[in-house]
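Student: I would like a close look at one part of this protein, and at what surrounds that part. Please take it step by step.

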Amino acid sequence: MTTTASAFPERPATALRRGLELTKWYVDVVAEDGRGAIAYWAELAWHGVRGRAGSYLTFGPGEPTIERTVLDPGGPPLWADQSLDWSMSSLHLRARMLRHLPGAAVRLLGDDTGTLDWNCVAPTGTACLDVGGRRFEGLGYAECLRMNVPPWRLPIDAVRWGRALIGNRSFVWIQWSGAQPMDLLLVDGHAVPGRIHADGLDLASGERLVLDPPHVIRRGALGEVVRPIRVLWPLLPQVLQDAREEKWLARAHLHSLDGHRHSAWAIHELVTLRR
């Protein structure tokens, strides 16, 4: 597994393989009161056919999750000079973000099966997302995933992912379980040792991140609740039909070495591919 701070280069639009290639952008922002929004952009090339989808969801404690999806949403987010700018006119969406910390690019998988590259573009930043006639402002996060291995062939039974943005600190984690287990923990954009579990993080430095009982953002079969997948993959293999996603919003509490506790919002999720 290799790590670099550079972004992945864009592939030419004419480059189309016979296999599967997926690029997925994820951008989020959560305001101080817990109201937030997540936006996705995905491009899938499969057996000579290419399609794009975009979606957003809004959420918050005490309010229902609202989600919309469109096909052909235009281009992906633009990233330059430490800032992200993105518009999807068909969804009446505009996202802007100014990065506070350097990002990190990691090859999570690279073997005969294919490659899976994850780019934590903005571990934390000042973000504004206008969508559905509402504005969400606060700390935000952005990442880009690229893969050419079919998800149903990944050596993974479950994926745990999360991000907690506390003051000027960023905590991002990925945990794979299955045939090829992996724990990856980024603090302020740098890989550090530590333990990832369902209720938070235990860092080797002695710091602890504790997650409160969560508010459910969405829960259900992956092909049903993740709308870009539902739109782009109408004929899902059985393993994806059976997969489930649980995505949550929770208060995160950082217990620092000086004995102080700092709190903010975290988004985390569990995707179960095989049970």
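Student: To begin with, how many salt bridges does the count come to? After that, please go closely through strand β10 (residues 114–131).

Tutor: The model is a predicted one, and the count comes to 18 salt bridges. Side chains of opposite charge can pair when their charged atoms come close. Several of these pairs come up below, two of them at β10 and its partner β11.

Start with how covered the strand is. Of the 18 residues in β10, 17 are buried, which is to say the strand is mostly covered. Two cysteines show this in numbers. Cys120 has a relative accessibility of 1%, and Cys128 has 12%. The cut-off for buried is under 20%, so Cys120 counts as buried, and so does Cys128. A disulfide is a covalent bond between the sulfur atoms of two cysteines. A search of the whole structure finds zero of them.

Next, the strands that pair with β10. Strand β8 (residues 93–99) runs antiparallel to β10, and seven bridges join the two. In this pairing Met97 has Ala127 of β10 as its bridge partner. A salt bridge also connects these two strands: Asp130 pairs with Arg96, with the closest N and O atoms 2.6 Å apart. Asp130 is in β10 and Arg96 in β8, so the pair ties together parts that lie 34 residues apart in sequence. The two ends differ in cover: Asp130 is buried at 18% relative accessible area, whereas Arg96 is partly exposed at 30%.

Strand β9 also pairs with β10 in the antiparallel sense, over seven bridges. These two strands form a hairpin with two residues between them. Gly110 belongs to β9, which covers residues 104–111, and its bridge partner in β10 is Thr115. With a relative accessible area of 55%, Gly110 is exposed. Its C-alpha atom is separated by 9.5 Å from that of Val149, which is 39 residues away along the chain.

Strand β11 (residues 134–147) comes after β10, and the two pair in the antiparallel sense over twelve bridges. Leu129 has Phe136 as its bridge partner in β11. This is again a hairpin with two residues between the strands, and Gly132 in the turn has a positive phi of about 60°.

From β11 the connections go further. Arg134 forms a salt bridge with Glu63, and the closest N and O atoms are 3.4 Å apart. Arg134 lies in β11 while Glu63 lies in strand β5 (residues 63–71), so this pair joins parts 71 residues apart in sequence. Arg134 is partly exposed, with a relative accessible area of 28%.

β11 also takes part in ring pairing. A pair of aromatic rings is described by the distance of the centres and the angle of the planes. The count for this structure is four aromatic pairs. In one of them, the ring centres of Tyr26 and Tyr141 are 6.1 Å apart with the planes at 65°, so the pair is edge-to-face. Tyr26 is in strand β2 (residues 20–30) and Tyr141 in β11, so the pair ties together parts 115 residues apart in sequence. Both rings belong to buried residues: Tyr141 has a relative accessibility of 0%, and Tyr26 has a relative accessible area of 3%. Tyr26 also pairs edge-to-face with Trp161, at 5.3 Å centre to centre and 70° between the planes. This pair links distant parts of the chain, since Tyr26 is in β2 and Trp161 in strand β12 (residues 158–166), 135 residues apart. Trp161 is buried, as is Tyr26. Ring pairs join Tyr26, Tyr40, Tyr141 and Trp161 into a cluster.

For contrast, here is a salt bridge in other strands. Glu246 and Arg219 meet with 3.0 Å from N to O. Glu246 is in strand β20 (residues 244–255) and Arg219 in strand β19 (residues 215–221), 27 residues apart. Glu246 is partly exposed at 25% relative accessible area, and Arg219 is partly exposed at 47%. Salt bridges can also join into a network, as they do for Glu67, Arg218, Glu245, Lys247 and Glu269.

To sum up, β10 is mostly covered and pairs in the antiparallel sense with β8, β9 and β11.

Conventions:
Residues numbered from 1 in each chain as written. Predicted model: local features only at pLDDT ≥ 70, side-chain atom pairs only at ≥ 80, totals over all residues. Heavy atoms only, no water. Disulfide = S-S within 2.5 Å. Buried < 20%, exposed > 50% of the residue type's maximum accessible area, 1.4 Å probe, protein only. Helix = DSSP H or I, 4+ residues; strand = E, 2+ residues; numbered from the N terminus. Pairing = 2+ DSSP bridges. Phe/Tyr/Trp six-rings, centres within 6.5 Å; stacked < 30°, edge-to-face > 60°. Salt bridge = Lys/Arg side-chain N within 4 Å of Asp/Glu carboxyl O.
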